[in-house]
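Trainee: I have a new model open and I'd like to practise saying why things get the labels they get. Can we go through it together?

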Amino acid sequence: MAAMKRAPLLTLLLALGAPATDARVRLGEPLPAHPWPGAEREVVVVYSHDCGDLGALWGAVLAAGLPVRAVNAEDIPAPAPSGVNVWRGPEATAFARALRISAYPTVLLVREGRVLNAWEGNFSGDLGLKPPP
């Protein structure tokens, strides 16, 4: 039997898990003003310099196959993967605050400019998959 190939968007959603119960980002709300052109579906990663190693998170986000928007909030530059344009500065921080983000990093799945799903907090790299018994 051939191994199952997971859909990239499904992998991202599994990696991020369910929305945090204390999340303040409101689903269905439009994104605040931003400098990038809208897409039908996109992933927005809002992070700061003190998030630690985001390698597993970036890997899951980039594997989703959707446009990725990186927002580096809170005035101290932090890197993103090569090829990902990063929005920094006071306007980026204002964007994060307008969303009412409660923890960095925050990943937003956006459809037609509205927040479809939100995940806030540390990402451990665990996809929640258990090996068969």
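Trainee: Of the contacts with a separation of 6 or more, what share comes from residues 24 or more positions apart?

Mentor: That share is 68%. Keep in mind that this is a predicted model.

Trainee: Okay, and what is the pattern of helices and strands along the sequence?

Mentor: Reading along, you get α-β-α-β-β-α-β-β. That's three helices and five strands.

Trainee: Let's pick a residue. Why is N72 called buried?

Mentor: Its relative accessibility is 2%. The cut-off for buried is under 20%, so N72 counts as buried. You'll find N72 in strand 2, which covers residues 68-72.

Trainee: What makes the link between the side chains of N72 and R88 a polar contact?

Mentor: Check the distance: the two side chains are 2.9 Å apart at that contact, and the limit is within 3.5 Å for a pair of N or O atoms that can donate and accept a hydrogen. So the pair fits the definition, and N72 and R88 make a polar contact.

Trainee: Which backbone atom lies 2.7 Å from a polar atom of the N72 side chain?

Mentor: The backbone nitrogen of A78. Both A78 and R88 also turn up among the residues in contact with N72 once its neighbours within four places are left aside, and that list includes Y47, H49 and W87 too.

Trainee: Now for the opposite label. Why is P90 called exposed?

Mentor: P90 has a relative accessible area of 58%. Exposed means over 50%, so P90 earns the label. P90 sits in helix 3, residues 90-98.

Trainee: How far apart are the C-alpha atoms of P90 and E74?

Mentor: They're separated by 7.6 Å, though the two residues are 16 apart along the chain.

Trainee: Let's move to the largest pocket. Which strand gives the largest share of its lining?

Mentor: Strand 2, with three residues. Strand 2 and strand 3 (86-88) each supply at least two. The lining includes V68, R69 and A70, along with V86 and W87, and the pocket's volume is about 150 Å³.

Trainee: How do the lining residues divide into nonpolar, polar and charged?

Mentor: Seven are nonpolar, two polar and one charged. Arg counts as charged and Gly as polar, so R69 goes with the charged group and G83 with the polar one.

Trainee: And how much of the whole chain counts as buried?

Mentor: Of its 133 residues, 41%. The chain exposes about 7,700 Å², with carbon and sulfur atoms supplying 56% of that.

Methods
Residues numbered from 1 in each chain as written. Predicted model: local features only at pLDDT ≥ 70, side-chain atom pairs only at ≥ 80, totals over all residues. Heavy atoms only, no water. Helix = DSSP H or I, 4+ residues; strand = E, 2+ residues; numbered from the N terminus. Buried < 20%, exposed > 50% of the residue type's maximum accessible area, 1.4 Å probe, protein only. Contact = heavy atoms within 4.5 Å. Areas by Shrake-Rupley, 256 points an atom, 1.4 Å probe, with all protein chains shown as cover. 1 Å grid on protein atoms, 1.4 Å probe; cavity = no way out; pocket = protein on both sides within 12 Å on 5 of 7 lines; lining within 4 Å. Points joined across faces, edges and corners; volume = space filled by probe spheres on them.
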